[in-house]
Amino acid sequence: VLITLLRKRIKDERFISLIWKFLKAGYLENWQYHTTYTGTPQGSIISPILSNIYLNELDEYMMEYKKSFD
């Protein structure tokens, strides 16, 4: 879902591929590699940016959904 949201505004597939690789890079804990299956790596420089992009879309959706109750 996040990659689809990014593709709405970013037309450079090499950049999208770089973000995809970053999301699937995995992490080290006690010098042991662990695969990443979901989410963004916490504490990384890109996590707040990606979460804000996702939350912006959620906010817009909720505003439209709210209009049906007003």
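1. Leu50 lies in helix H3. In this predicted model, Leu50 is buried, because its relative accessible area is 3% and the cut-off for buried is under 20%. Apart from neighbours within four places in sequence, Leu50 is in contact with Leu2, Leu6, Ile19, Leu23 and Thr40. Between the C-alpha atoms of Leu50 and Ser68 there are 28 Å in space, for 18 residues in sequence.

2. Leu23 is one of the contacts of Leu50, and Leu23 has its place in helix H2. A relative accessibility of 8% means that Leu23 counts as buried. When neighbours within four places in sequence are left aside, the contacts of Leu23 are Leu2, Ile3, Thr36, Gly39, Thr40, Pro41 and Leu50. Leu2 and Thr40 therefore appear in the contact list of Leu23 as well as in that of Leu50. Leu23 and Glu13 are 10 residues apart along the chain, with their C-alpha atoms separated by 15 Å.

3. Ser47 is also placed in helix H3. Ser47 counts as buried, at 7% relative accessibility. Leaving out neighbours within four places in sequence, Ser47 is in contact with Thr40, Pro41 and Gln42. Thr40 and Pro41 are also among the contacts of Leu23, and Thr40 is among those of Leu50.

4. The next point is the packing of two helices. Such a pair is described by the angle between the axes and the distance between the axes. Helix H1, residues 2-9, packs against helix H3, residues 47-67, at an angle of about 85°. The axes of H1 and H3 are 10 Å apart. Since angles of 65 to 115 degrees count as roughly perpendicular, H1 is roughly perpendicular to H3. On the H1 side the contact is made by Leu2, Leu5, Leu6 and Lys8. On the H3 side the contact is made by Leu50, Ile53, Tyr54 and Glu57. By class, the contact of H1 with H3 has six nonpolar residues, no polar residues and two charged residues.

5. What is the volume of the largest pocket? The value is about 290 Å³. Its lining consists of 15 residues, and those nearest the centre of the pocket are Leu2, Leu23, Gly39, Thr40 and Tyr54. H1, H2 (13-23) and H3 are the elements that give two or more residues to the lining of the largest pocket. H3 gives the most, with four residues. Classed by type, the lining has eight nonpolar, six polar and one charged residues.

6. Some residues recur across these points. Leu2 takes part in the contact of H1 with H3 and lies among the residues nearest the centre of the largest pocket. Tyr54 likewise belongs to the H1 and H3 contact and to the group nearest the pocket centre. Leu23, Gly39 and Thr40 are also in that central group. Gly39 and Thr40 are both in contact with Leu23.

7. The loop between strand E1 (27-29) and strand E2 (32-34) deserves a check of its backbone angles. Most residues other than glycine have a negative phi. Asn30 has a positive phi of about 55°, although it is not a glycine. Trp31 has a positive phi too, of about 60°, and is not a glycine either. Both positions are in the loop between E1 and E2, Asn30 and Trp31.

8. Are Asn30 and Trp31 buried or exposed? Asn30 counts as exposed, at 73% relative accessibility. Trp31 counts as exposed, at 82%. In each case the value is over 50%, the cut-off for exposed.

9. Arg14 lies in helix H2, as does Leu23. Arg14 counts as exposed because its relative accessibility is 71%, whereas Leu23 counts as buried at 8%. Arg14 and Glu64 are 50 residues apart in sequence, and the spacing in space is 33 Å, C-alpha to C-alpha.

Key
Residues numbered from 1 in each chain as written. Predicted model: local features only at pLDDT ≥ 70, side-chain atom pairs only at ≥ 80, totals over all residues. Heavy atoms only, no water. Axes fitted to C-alpha atoms, helices over the stretch in contact; angles between N-to-C directions. Parallel < 35°, antiparallel > 145°, perpendicular 65-115°, else oblique. Contact = heavy atoms within 4.5 Å. Nonpolar A, V, L, I, M, F, W, Y, C, P; charged D, E, K, R; others polar. 1 Å grid on protein atoms, 1.4 Å probe; cavity = no way out; pocket = protein on both sides within 12 Å on 5 of 7 lines; lining within 4 Å. Points joined across faces, edges and corners; volume = space filled by probe spheres on them. Buried < 20%, exposed > 50% of the residue type's maximum accessible area, 1.4 Å probe, protein only.
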